[in-house]
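Let's take a walk through this one, starting with the empty space and then moving on to the charged pairs. Have the viewer open as you read.

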Amino acid sequence: MTKNMAVFCGSSLGTHPAYAREASRLGYLLASRDINLVYGGGKAGLMGVIADSVLENGGKVIGVIPEFLNTRERKHENLTQQIEVQTMHQRKTIMYEMSDAAIILPGGFGTLDEFFEIITWNQLTLHSKMAGLLNVENFYGHLYQHMLRIRDEAFAPTAQIEHLRMADTAEKLMELMV
């Protein structure tokens with residue numbers, strides 16, 4: 001049973017309104033299923049959208065934020081719990097240790113770093129948690145095709161893909177993951 005879901009996503013909104021819409025919808029779905037959100041602790045971009053949605057729908061939100069990002073401009077002030085860490089690596093580690101699975105929304109290089117570290121930890125058998133890509137507007141389509149090529153070229157085992165779920169809406173992804 002999933003009790004805590006790590007969500008990695010952009011600290012900006014991106015160009016498509018669908019990104020924020022699906023982030024908000026995912027927040028609603030997490031709260032309605034009594035699944036706590038564990039995320040990066042920020043209030044900007046998709047991070048703020050999903051945190052606000054969970055809170056507005058009566059859910060709990062745990063933010064994990066590095067000290068250097070813990071400023072009034074970046075830190076979400078209204079979370080259920082805020083954990084301050086020293087480094088980005090500590091942030092990722094704590095977020096994933098606290099969570100039963102992870103969902104990756106559209107985002108930038110930091111989001112990709114978080115995603116690839118999670119699937120690398122799976123490959124190294126440090127955990128066997130499921131990860132899901134919310135492929136809004138086909139944001140992750142090319143990346144997923146490349147991951148299949150990595151597998152097909154024998155640079156990663158098939159198990160890497162087996163722990164990964166992908167869908168274009170929050171509803172579909174939640175059905176695949178919980």
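α4 is the element that gives the most to the lining of the largest pocket, with 3 residues. Keep in mind that you're looking at a predicted model. The pocket itself holds about 470 Å³ of space. Its lining runs to 29 residues, and the ones closest to the centre are C9, G10, S11, S12 and M47. Besides α4 (109-123), the elements that give two or more residues to this lining are β1, α2 (45-56) and α3 (88-98). What about the chemistry of the wall? Sorted by class, the lining of the largest pocket has 13 nonpolar, 11 polar and 5 charged residues. As for how such spaces turn up at all, rolling a probe the size of a water molecule over the atoms shows where empty space is left.

Now head for the start of the chain, to the segment before β1 (4-8), where you'll find T2. Is T2 buried or exposed? Its relative accessibility is 15%, and since buried means under 20%, T2 counts as buried. Leaving out residues up to four places away in sequence, T2 touches I35, D100, M177 and V178.

K3 sits in that segment before β1 too, but with 36% relative accessibility it counts as partly exposed. K3 also forms a salt bridge with D34, where the closest N and O atoms are 3.2 Å apart. D34 belongs to the loop between α1 (17-32) and β2 (36-39), so this pair ties together parts that are 31 residues apart in sequence.

That pair is one of the salt bridges in the model, and the full count comes to 8. Which residues are linked in a network of salt bridges? Those are K92, D113 and E117.

Two other pairs are worth a click. The side chains of K172 and D168 meet in a salt bridge, at 3.1 Å from N to O. K172 counts as partly exposed at 43% relative accessibility, and D168 is partly exposed as well, with a relative accessible area of 39%. Then there's E153, which forms a salt bridge with R149, the closest N and O atoms being 3.7 Å apart. Here the partners land in separate categories: E153, at 44% relative accessibility, counts as partly exposed, whereas R149, at 53%, counts as exposed. The cut-off for exposed is over 50%, so R149 makes it into that class with its 53%.

Terms used. Residues are numbered from 1 along each chain as its sequence is written. This is a predicted model: local features need pLDDT of at least 70, side-chain atom pairs count only at pLDDT 80 or more; totals for chains, interfaces and linings use all residues. Side-chain values use heavy atoms; hydrogens and water are left out. Helices (H or I, at least four residues) and strands (E, at least two) are DSSP runs, numbered from the N terminus. Buried means under 20% relative accessible area, exposed over 50%, partly exposed in between (1.4 Å probe, protein chains only). Contact means heavy atoms within 4.5 Å. On a 1 Å grid over the protein atoms alone, a cavity is a set of points where a 1.4 Å probe fits but cannot get out, and a pocket is an open set with protein on both sides within 12 Å along at least five of seven lines; lining residues have an atom within 4 Å of a point. Grid points are joined across faces, edges and corners, and a volume is the space filled by probe spheres set on the points. Ala, Val, Leu, Ile, Met, Phe, Trp, Tyr, Cys and Pro count as nonpolar, Asp, Glu, Lys and Arg as charged, and the others, Gly among them, as polar. A salt bridge is a side-chain nitrogen of Lys or Arg within 4 Å of a carboxyl oxygen of Asp or Glu.
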